[in-house]
Amino acid sequence: MKTNKFRTNISFAIIFLCLALFILLCALQERGSLKIDTSAVDFVLDLRRGWLNKIVKLVTHVGSFYVLLVVALLVAIFNKKVGFVSVFGLGVSGVLNFIVKHIIERPRPDIKLIAETGFSFPSGHAMMSITLYGFLLYAVIVNINKTWLKSLLATLLVGMIAVSGLSRVYLGVHYLSDVIAGYALGLAILVPIIYSFKNLNFGDFKLKK
């Protein structure tokens with residue numbers, strides 16, 4: 001009982017902190033450019049190389065909605081329960097991202113390496129990737145017993161989350177604060193999804209049919 005209460009308190013604390021960070025970034029970006037954004041832009045412009053541009057343009061797709069959807073559907077083939085939660089979380093994250101972007105209406109940076117439409121805040125790639133890959137990370141940690149396989153998959157998923165967001169800053173289609181806000185709001189979605197589906201007695205998320 002005490003363990004469950006502790007987990008509940010931790011879950012609410014994470015959600016609160018994520019939402020507080022998101023709201024803070026909303027308020028700050030309304031005042032104009034942020035120091036972390038201008039510093040990140042300067043760093044990216046110095047870092048860019050022709051060969052690196054090509055790599056980042058490719059790997060950024062791991063956080064696109066269509067790739068994430070394909071990943072979620074592929075997961076559903078192996079485990080319907082995990083796949084259902086994955087698709088559900090991705091859908092919630094995508095819809096909320098669309099709504100928030102059209103409320104904030106922050107223009108994108110003017111240093112884009114790729115064509116991108118729509119508003120900038122928060123980053124959809126960052127938000128949706130942490131929701132989907134974050135849930136898969138949870139499923140891997142909870143259900144895979146082989147240490148080497150768990151470590152391999154966990155490292156891969158964490159890397160995909162990081163690449164999904166940071167690649168957008170490199171490509172100039174998002175400010176760093178957009179990405180941080182996307183991660184924060186995505187994590188605020190992920191935590192209750194994990195908590196709810198576990199506590200509504202959906203059973204263990206075994207990676208089997």
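**α4 against α6**

I started with the crossing of helices α4 and α6, and in this predicted model it is left-handed. Helix α4 covers residues 65-78, and its axis lies 10 Å from that of α6 at an angle of about 20°. Angles under 35 degrees count as roughly parallel, so I noted α4 as roughly parallel to α6.

Next I asked myself which residues make the contact of α4 and α6. On the α4 side I listed F65, V67, L68, V71, A72 and V75, and α6 answers with M128, S129, L132, Y133 and L136. Sorted by class, this contact has 10 nonpolar residues, 1 polar residue and no charged ones.

**α5 against α6**

I then turned to the pair α5 and α6, whose crossing is right-handed. Their axes come within 9 Å and cross at roughly 160°. Anything over 145 degrees counts as roughly antiparallel, so that is how α5 and α6 run relative to each other.

From α5 I wrote down V82, V85, S86, G89, L90, S93, G94, L96, N97 and K101 as contact residues. From α6 the contact takes in G124, M127, M128, T131, L132, F135 and L136. By class I have 9 nonpolar, 7 polar and 1 charged for α5 with α6.

While I was there, I looked up V92, which belongs to helix α5, residues 80-104. With a relative accessible area of 32%, V92 is partly exposed. I also checked V92 against M128: 36 residues separate them in sequence, and their C-alpha atoms are 8.9 Å apart in space.

**The loop between α5 and α6**

Two residues in this loop caught my eye. E105 sits in the loop between α5 and α6, and its phi is near 60°, a positive value in a residue other than glycine. Is E105 buried, exposed or partly exposed? I found a relative accessibility of 46%, so E105 counts as partly exposed.

P122 is in the loop between α5 and α6 as well. The peptide bond joining F121 and P122 is cis, and I noted an omega of about -5°.

**α6 against α7**

My last helix pair was α6, residues 124-143, with α7, residues 147-170. Their axes come within 9 Å and cross at roughly 175°, so α6 and α7 are roughly antiparallel to each other.

For the contact, α6 supplies H125, A126, S129, I130, Y133, G134, L136, L137, V140 and I141. I matched these with K150, L153, A154, L157, V158, M160, I161, S164, G165 and R168 of α7. The class split for α6 with α7 is 13 nonpolar, 5 polar and 2 charged.

**Cysteines**

To finish, I asked how many disulfides the structure holds. The count is 0. C18 is in no disulfide, and the nearest cysteine sulfur, in C26, is 13 Å away. A disulfide needs the sulfur atoms within 2.5 Å, so the 13 Å from the sulfur of C26 to that of C18, its closest, is too far for a bond.

I also checked whether these cysteines are buried or exposed. C18 counts as buried because its relative accessibility is 9%. C26, with a relative accessible area of 12%, is buried too.

Methods. Residues numbered from 1 in each chain as written. Predicted model: local features only at pLDDT ≥ 70, side-chain atom pairs only at ≥ 80, totals over all residues. Heavy atoms only, no water. Axes fitted to C-alpha atoms, helices over the stretch in contact; angles between N-to-C directions. Helix = DSSP H or I, 4+ residues; strand = E, 2+ residues; numbered from the N terminus. Parallel < 35°, antiparallel > 145°, perpendicular 65-115°, else oblique. Contact = heavy atoms within 4.5 Å. Nonpolar A, V, L, I, M, F, W, Y, C, P; charged D, E, K, R; others polar. Left-handed = near helix turned anticlockwise from the far one by under 90°. Buried < 20%, exposed > 50% of the residue type's maximum accessible area, 1.4 Å probe, protein only.
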